[in-house]
Amino acid sequence: MIRVCIICEGPTEVEFVNRCLEPYLRVCGVSVYGTLLSARSGRHRGGRVTVDRLATKISLHYSEADRVSTLVDFYGFQDRAARTRAQLEADIAAAVQRITAAYDPRYVLPYVQMHEFEGLLFTNPANFEWAEDGWSEDVRAALMAVVQAFPNPEDINGGEATAPSKRILSIFPNGTYSKTEHGPLIAEATGIDAIRAKCPAFSEWVGRLQAWGKGLAL
């Protein structure tokens, strides 16, 4: 069994990795576990995603796990500037190489989710019914309208007011949707295969994680 540490932006992503990805990948010989991005001191846990912070965290776990990957959002990546997702991932890998002894690029897989983890939840809007207190026909219709406006959930854009999480919060009545409580439940109800079918970047990442368990080169 290949043990893979996945460094996550926040507790929602950690729960998603542990609850949804772990059982899905285990059948491929891959055991994943999520860990929260944090400073060496343990302070500033979660958020504040930068290339250097991720590289430092990956380097710390490089010798503890068999493989290391990441699950962080493109939206809110603090030093993103004009870089694309692919450029960010390449820069993270390069930064890890500079600070890690005996570095082997086959064992590190930076992944940046477009545009947010919450975009994956739009795979099947009906599963937002898990947020029972705020669920209604109007909410369902508003969520469907978002889905229908984009080619796939990963294209739901990441502006200040239009990032997937911002859209969800604007659609649900105040206080009836909790990212950390409802996000993993909705993802679990949807299922990894269904998410992969509609989210190509996510699907490619999961496929590369599976390849580790099969002993295939990335």
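User: Why is A81 called exposed?

Analyst: A81 has a relative accessible area of 72%. Exposed means over 50%, buried means under 20%, and partly exposed is what lies in between, with a 1.4 Å probe and protein chains only. Set 72% against that cut-off, and A81 counts as exposed.

User: Before we go on, what kind of model is this?

Analyst: It's a predicted model, where local features need pLDDT of at least 70, side-chain atom pairs count only at pLDDT 80 or more, and totals for chains, interfaces and linings use all residues. Residues are numbered from 1 along each chain as its sequence is written, and side-chain values use heavy atoms, with hydrogens and water left out.

User: Okay, back to A81. Where does A81 lie?

Analyst: A81 sits in the loop between β3 and α3, the helix of residues 85-99. Its phi is positive, about 55°, although A81 is not a glycine.

User: What makes A102 count as exposed?

Analyst: Its relative accessibility is 73%, so A102 passes the cut-off for exposed. You'll find A102 in the loop between α3 and β4 (108-109). A102 has a positive phi too, near 55°, and is a residue other than glycine.

User: And how do you know that S63 is exposed?

Analyst: S63 has a relative accessible area of 66%, so the word fits. S63 belongs to the loop between α2 (51-62) and β3 (67-73). From S63 to M1 is 62 residues in sequence and 16 Å in space, C-alpha to C-alpha.

User: How many helices and strands does the chain have?

Analyst: Nine helices and five strands. Helices are DSSP runs of H or I with at least four residues, strands are runs of E with at least two, and numbering starts from the N terminus. Along the sequence, the pattern reads β-α-β-α-β-α-β-β-α-α-α-α-α-α.

User: Why is the chain called as compact as a globular protein of that length?

Analyst: Its radius of gyration is 17 Å, and the globule rule gives 17 Å for 218 residues, so the two values are close and the description holds. The radius is taken over C-alpha atoms, and the rule is 2.2 Å times the number of residues to the power 0.38. As for the box that the C-alpha atoms fill, it is roughly 55 × 35 × 30 Å along the principal axes.

User: What share of the chain is buried?

Analyst: Buried residues come to 54% of the 218. One of them is F16, in helix α1 (residues 11-26).

User: Why is F16 called buried?

Analyst: The relative accessible area of F16 is 0%, so F16 falls on the buried side of the cut-off. Leaving out residues up to four places away in sequence, F16 touches L21, L71, F117, A187, I192 and F202. Contact here means heavy atoms within 4.5 Å. F16 and G34 are 18 residues apart in sequence, with 8.3 Å between their C-alpha atoms.

User: How do you know that S69 counts as buried?

Analyst: S69 has 0% relative accessibility, so buried is the right word. S69 is part of strand β3. Beyond residues up to four places away in sequence, S69 touches V4, C5, I6, I7, L109, Y111, W205 and L209. V4 is 65 residues from S69 along the chain, yet their C-alpha atoms are separated by 7.1 Å.

User: How many of the chain's contacts with a separation of 6 or more link residues 24 or more positions apart?

Analyst: Such pairs account for 72% of those contacts.

User: Which residues of helix α6 are buried?

Analyst: In α6 (residues 164-171), the buried ones are P164, S165, R167, I168 and I171. Down the helix axis they fall within an arc of 160°, so they line one face of α6. That arc is the one spanned by the directions from the helix axis to the C-beta atoms. Their cover includes α4 (117-120) and α5 (137-148).

User: What makes I168 count as buried?

Analyst: I168 shows 0% relative accessibility, so it counts as buried. Apart from neighbours within four places in sequence, I168 is in contact with E118, F122, F128 and Y177. E13 is 155 residues from I168 in sequence and 17 Å away in space, C-alpha to C-alpha.
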